[in-house]
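Me: Please take a close look at one part of this structure, the packing of a pair of helices, and set out how the two are arranged and which residues bring them together. A connected account would be preferred.

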Amino acid sequence: MLAVNGKPVIRESVIGTDKPLLRVLRGETVSPPPLWLMRQAGRYLPEYRVVRQEAGSFLDLCYDPALACEVTLQPIRRFHLGAAIIFSDILVVPHAMGQEVSFVEGKGPVLSAVRSTAELKTLSDGPVRDRLAPVYEAIRRVRAELPADVALIGFAGAPWTVASYMVEGASSRDFAYLKGWAWRDRAGFGQLIDRLTAATIDHLCAQVEAGAEVVQLFESWAGAVPDALFEAFCFRPVVRIAEAVKKAHPSVPLIVFPRGAGARSVDFARHPAVDAVGIDTSQSAGWAAAEIQPHAAVQGNLDPVLLIQGGRALRDEAERLVRALGKGPFVFNLGHGVLPTTPADHVAELVDAVRRAAG
Ligand code: CP3
C-alpha cells in the first residue's frame, strides 16, 4: 500500500462512499460536478440497437441479466460518467403486479388498462421482488464490473406516474381516464396508489440489497397532477417511499425527479428523506440554487434538445449551469431523458465542457 508520512494513502476512488456522486448526495460540493444522463443507455447508441435487436422485445432485454448488464455498461465504456443507471423500466412494476405490458415500435408502452376500483382485483398480490429477480441479478453483475469511481443507480417510477400508464393503457396527452378516476373516486384510486407505493418500496429495497448505491424516483408526470390532488397522490406517496427506503437502508441516498412540479419541487427538497431533487428543463438554475440547494442537492437540467444540437451553444449552456449551481451540491444531468436522435459524440463534448467549466 502507498504511504505518505507513514500514513496509508487509499486512493479516493477505491472507497465506495467517496465516489463523487455519493459525496454530492451527502451534501458536499464537488468540482467538477458528477455527471450522468437520464436515458444514457438507449437507441442513440448504435451498440444498444445491436443488443436490442438480438434480445427481441424490449421487456426480454430488461429481463435478461447478461444483456441488461451489457447495455447498462455501454455508456460507461464510451464516456466518463459519474454513474450507471440499471437498464430496466418503470413499467416492470405493473408487469410484476400481473398487468399485461408490451412496448410497440413507434408507439411506446401498451398495457391492459385498469380503470376502476373493481378492476384492481385483476392485479396480483404478493411482493413484486419475487417476479423481478432478473433485474436484481443484472444489478449484481453491473456492480461487479463498474469502475471504482462510478456509482450504480437503481430506480422506479413514482406511483402517480406508473398509475398513469396503468390506467390510460399507453402514453397520454390529457390523462382523462387517470384524472377522471382520481376525481370521481378518491378512495378507490387511493387503493391503486397504495398498492403501487408498497410495490415500489419493495422493488427499490430489493435493488439496494442487490447492489444499487443510490435510488431515483421518476415522477415524470408530476406536472399533470391537479393541485387539489397533489398532496394525496404525488407528494405523500413519494415521501412514504423515501421514508421506508431510508428506514431499511439509512445510508442510501434518494433522488426525486418531479418533472413539471415547478415551485412544489421545494416541498420535496425540504423533506429529510430526500437527498436530491431533479429539476426539469423549464426550471431556472438560479432559482434552484436559491430555493432547493439549501435543503438538498440539485440534479439537472440541460435541455435534451441542446444535446442534439451540440457545438458552441451546448458548451455555453453547460458552463452557465455549472456557474449557477456548481457552488453547492450539484449533479449535472439533463432536464429529461436523452433523445434517440442525439449524436453520441455530443455526449463526449458535454462531459468535456462540464469538466472545463469547473476549471
Ligand atoms: O438509461 C436509463 O436511463 C435506464 C433505463 C430507463 C428506461 N426507461 C429504458 C427505456 C429508464 C430510467 C426509464 C424510465 C422510464 N420509462 C420513464 C421515466 C423517465 C421519463 O422518460 O420520463 C418512463 C415514463 C418510462 C416509460 C417508457 N418506457 C416509455 C414512455 C417508453 C417509450 C418511449 C421511448 O422512448 O421509446 C419506454 C421505452 C424505453 N424505456 C426505452 C428505453 C431505452 C426505448 C425502448 C426501445 O429500445 O425500443
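Reply: In this predicted model, helices H8 and H9 are oblique to each other, because the angle between them, about 120°, lies outside the ranges for roughly parallel, roughly perpendicular and roughly antiparallel pairs. H8 spans residues 176-184 and H9 spans residues 186-210. Their axes are 5 Å apart. On the H8 side, the contact is formed by Leu178, Trp181, Ala182, Trp183 and Arg184. H9 contributes Arg186, Gly188, Phe189 and Leu192. Sorted by class, the residues of this contact comprise six nonpolar, one polar and two charged.

Another helix pair in the model offers a point of reference. Helix H2, residues 46-55, packs with helix H4, residues 65-78, at an angle of about 175°, and the axes of this pair are 10 Å apart. H2 and H4 are therefore roughly antiparallel, since that angle is over 145 degrees. From H2, the residues Pro46, Glu47, Tyr48, Val51, Glu54 and Ala55 take part; they meet Leu67, Glu70, Val71, Gln74 and Arg78 of H4. The contact of H2 with H4 has six nonpolar residues, one polar residue and four charged residues.

Outside these helix pairs, aspartate 149 lies in the loop that links helix H6 (133-145) to strand E6 (151-157). With a relative accessible area of 28%, aspartate 149 is partly exposed. Aspartate 149 and aspartate 18 are separated by 131 residues in sequence, while their C-alpha atoms are 7.8 Å apart in space.

Technical notes. Residues numbered from 1 in each chain as written. Predicted model: local features only at pLDDT ≥ 70, side-chain atom pairs only at ≥ 80, totals over all residues. Heavy atoms only, no water. Axes fitted to C-alpha atoms, helices over the stretch in contact; angles between N-to-C directions. Helix = DSSP H or I, 4+ residues; strand = E, 2+ residues; numbered from the N terminus. Parallel < 35°, antiparallel > 145°, perpendicular 65-115°, else oblique. Contact = heavy atoms within 4.5 Å. Nonpolar A, V, L, I, M, F, W, Y, C, P; charged D, E, K, R; others polar. Buried < 20%, exposed > 50% of the residue type's maximum accessible area, 1.4 Å probe, protein only.
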